[in-house]
Structure formats: C-alpha cells, structure tokens
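I opened this notebook to keep a record of what I looked up, going from the whole chain down to single residues.

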Amino acid sequence: MIPFSPPRIDSKIVEEVAAALYSGWITTGPRTKMFEQELEHFTGASKVLCLNSATAGLEVMLRWFGVGKGDEVIVPAYTYAATANVIIHCGAKPVFVDSGDDFNLDVDAVGRAVTSKTKAIITVDIGGLPCDYLKIAELNKSERVKSLFVPATEEQALLGRPLMIADAAHSLGATYAGCPVGHPDLADTTVFSFHAVKNLTTAEGGAVCLNLPKPFDNIELYKYLCVKSLHGQNKDAFQKNQMGNWRYDIIEAGYKFNMTDVQAAMGLVELRRYRSDMLPKRKYIFEKYSEGFKNKKWARLPVTETDIKQTSYHAFMLRINGISEEQRDAIIQDIFLAGVAVNVHFIPLPMMTLYKNMGYQIKDYPKAYKLFASEISLPVYYSLTDEQIQKIIWVVGVAVEENLIK
Ligand SMILES: Cc1ncc(COP(=O)(O)O)c(C=O)c1O
C-alpha cells in the first residue's frame, strides 16, 4: 500500500530528538525558544509563540480577544473542524461562508456575513494556497465593517474592528504578494500546524505569529500568552528552575497549551531544510502529477500559483469534472483496492452531525459541496518515489475512467 502522508523521520531528526531527550530538559525550554526565533526569521512575524497545536493557537487568540457568548466569528464552511470548533469552545457562533473556485473562502460572501456581532474572521489557506489575504484585510478595515463593530473588551476597543486570524495550518512557506504567510502585512495573527501530516511536523504542535498593529505591543502580548497558555503561571518551568527563582504566582485560570523541547527539536531540523529541501520536493511531486493528468479531460488540477500567490504544496487536491459524490466515493474505493491511500480535503462542516444539529445545512453552501463531491487528495510526502508517483497516476486514471463509463 502506498501510504497517504507518512512523516519524514531520518537520522537527523532522531539525533536532534535524542539530544533533546539527553539534555536534561524535555519540556518548554531553550529549543522551543530557538524554534520560535527561527520561525520569526522564516516568516518575518513580529513575534512567534509555539504551542502544542494549531487548535490551541486559534483558541488562545479568540480568548485573548475576548470572543464569547453572543459573538459571531466568520469562518469557511470548507475547512477542518478545528477551525470552527474553537469558536464553539469560546461560546460564540461560527458563521460559515461558502467557497470560491480555488477552495478558499469567497471574499464577497465574507462581506455579506459581517454583522454587528462579528468579532473575528478566520481565513484558511486550503491545501496550502493562500486565501485572498489583502482583499479580506481591506474589507475588514473598511469603514462599513468598522462602523458595524461593537467592542466589548479593552482589546476590541483598541483594534476597533474584527480580529483577522489566518488559519495557515497548511501553508507554511506559501507566499502572498511576495510576503511569506505569517508576515505582518497579511493578517493580525497567523496560526501554523505541525501535526503529523503537515509539511513540517513536530508530531503534534503549532505556532502563532503575533502581528497586531500599533498600539499593541507584540512582545508584551507574547509574554502574556506564555502565561495564558501555561495555567496562568507567571513563570514557566525553565524559568522557575533557575537559582532562587522558584516562587511563582497564578494570575488567571490559563490553559495547558505549551510546546515541549522534544517537539521543537524535530521542528528545528525540519525548518532548517524546509525551503531548500522539503518545498522543492513537494513542488516536484505536484509537477509530476500535473504532467500526468494534464491531457485528461476529466481532470481539474489544483491552482499552485497566481500573479500574487504561491502555494506551499501541501495537498494535491485533484478534482474530477462532472462527477457525483457517489461516483467519487466509488473511485476512491477502487484506488484503495489498487494499493494507494488517498483522502478528501475536506467534508464541509455543515455536513457534520455536530453542525447539522446546530441547524446548519449544506444546501446553503453549494460551492463547498460541489468542491467536496468532486475532490480527491493524492499522496504528497518527502519519501514518495518516481515509481510510486507513476503508479498513483496510473491507478487514479484507471479508477476514474472505469467509473465514468459505468
Ligand atoms: C485547516 C486546519 N486548521 C486547523 C487544524 C488543526 O491543527 P492541529 O491539529 O495542529 O490543532 C488542521 C489540522 O488538520 C487543519 O487542517
């Protein structure tokens, strides 16, 4: 079986993880701080906070901004559950918007969804292709949106508009208008995921780029979020461990969201070879697939770049023109039977029991449904060989063509 997305684990990773394990310091400490600094350098972010997941990063930012009961947060219908579940954790209401043709959220639909209850907009770069960052930022800073905004906390009053949170779980290394995703020009805050299937993995993990505009102080915000993401404790374990520094205080009922140095050890190795080695390999696989399917009338290839966007080559989201959801499922079954693991990114959230029970209906998001019903994600990972790529192209072609004539 050709697997879908095994992590890249080699001697460099094992050696650096072993070094962390033998160092005597395995939880949040020097390696996590170094990983944060290197991510700042990589993205140009004002400050980066590493956490145990992207989910934690999304939630901590909503909570910091005081999003709660009675509030609305705009979010794509076409995303993974983490993006919207955190809104429910905070007691607020997810307001789903439909997709554009490239899987990312439709900017006009975002504009229509803004109300006087909107406290944040969470964008997603599906499959690694950046969303329309500047158009959404422009909309979010427009007089109309600002005049609708009703601040309820000090932070909300200071910003004077909804918080723009970029869920960049898929898009580390992607660029928009020449800026790396995570850069201050693109969003107030950007969250990366380092989950096992992501381009850069720390097994589980995430990072938050803090890029709040003035008069916010991103360094102070970082210090506060370190406390908030560790039980509200005013010193982390590493600081407490320094001589004479044992006494600590708990200033609020914070969370347990911190990253460990064992995770950061993996992240450091991966980040240092990400642009020179991981991204080119993923690009190569995308090009091979595109070449393999380019003459197939039924194939719609994923967008990898436009005049302003450049993907991170996370998911190769192939679309099959003119098929039903049932046909797509049958194609996937045949692909599996031929020894290739594929996936679907994603089942739109209004199709999930949780969200259906809350009253959302997929018929209100017709574009998201159409994208979902025709989509198949193919394997993309570092160790994928040329022979495997050719086998996948062949197997997918046979499965599609046999099902199309049925
Ligand atoms: C779009 C999106 N957002 C958020 C997440 C959550 O990431 P994590 O598992 O690091 O919390 C994922 C994970 O798959 C995702 O695909």
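The entries below begin with the overall picture and end with a few backbone details.

**Entry 1: the whole chain**

I began by noting that I am working with a predicted model. I counted elements next and found 16 helices and 13 strands in the chain. For the overall dimensions, I looked up the box that the C-alpha atoms fill along the principal axes, and it is roughly 70 × 55 × 40 Å. I then compared the radius of gyration with the value for a compact globule: with 406 residues that value would be near 22 Å, and the chain has 22 Å, so the two agree. On burial, I noted that 49% of the 406 residues count as buried. I also looked at contacts with a separation of 6 or more, and 71% of these are accounted for by residues 24 or more positions apart.

**Entry 2: two domains and their contact**

I looked up the domain assignment, which gives domain 1 (11-271) and domain 2 (275-405). Their centres, taken over C-alpha atoms, are separated by 27 Å. The contact between them takes 26 residues from domain 1 and 27 residues from domain 2. On the side of domain 1 that touches domain 2, I found that helix 4 (81-89) and strand 6 (175-176) each supply at least two residues. By class, that side of domain 1 has 14 nonpolar, nine polar and three charged residues.

**Entry 3: the nonpolar core**

I kept in mind that nonpolar side chains tend to be buried together in soluble globular proteins. Which residues have the most contacts inside the largest nonpolar core? I found L62, V73 and I165, in a core of 117 residues. Both domain 1 and domain 2 give residues to this core, so I recorded that it lies between them. I followed I165 a little further and, not counting residues up to four places away in sequence, found that I165 touches L58, M61, A120, I122, A187, D188, T189 and V191.

**Entry 4: helix 4**

Having met helix 4 at the domain contact, I went back to see which of its residues are buried, and the list is A82, T83, A84, V86 and I87. What covers these buried residues includes helix 3, strand 2 (72-76), strand 3 (93-97), strand 4 (118-124) and strand 5 (163-167). I also noted that helix 4 is followed by G91, whose phi is positive, near 90°.

**Entry 5: around the ligand**

I turned to the ligand, which has 14 residues around it, and S53, A54, T55, A169 and S193 come nearest. Helix 3 (54-64) and helix 4 are the elements that give two or more residues to this shell. I looked up the classes as well, and the shell divides into five nonpolar, eight polar and one charged.

**Entry 6: backbone details**

I looked for cis peptide bonds and noted one that joins K214 and P215, with omega about 10°. P215 lies in the loop between strand 9 (206-210) and helix 9 (218-228). I noted another cis bond from H345 to F346, with omega near 0°, and F346 lies in the loop between helix 13 (325-337) and helix 14 (353-357).

I then looked at positive phi values in residues other than glycine, and A203 has such a value, near 80°. A203 is found in the loop between strand 8 (189-193) and strand 9. Y313 also has a positive phi, near 55°, and Y313 lies in the loop between strand 11 (309-310) and strand 12 (316-320). Are these two residues buried or exposed? I found that A203 is partly exposed, because 16 other C-beta atoms lie within 10 Å, whereas Y313 is buried, with 27 other C-beta atoms within 10 Å.

**Entry 7: the end of helix 15**

My last entry concerns A373, which lies in helix 15 (residues 366-373). A373 is partly exposed, because it has 18 other C-beta atoms within 10 Å, which is under the 20 needed to count as buried. Leaving aside neighbours within four places in sequence, I found A373 in contact with S324, E325 and R328. I also looked up A373 and E326, which are 47 residues apart along the chain, and their C-alpha atoms are separated by 8.0 Å.

Methods: Residues numbered from 1 in each chain as written. Helix = DSSP H or I, 4+ residues; strand = E, 2+ residues; numbered from the N terminus. Buried ≥ 20, exposed ≤ 12 C-beta atoms within 10 Å, placed from the backbone. Rg over C-alpha atoms; globule rule 2.2 N^0.38 Å. Contact = placed C-beta atoms within 7 Å. Domains from an automatic or database assignment. Nonpolar A, V, L, I, M, F, W, Y, C, P; charged D, E, K, R; others polar. Near = placed C-beta within 6 Å. Core = buried A, V, L, I, M, F, W, Y, C linked by C-beta atoms within 7 Å.
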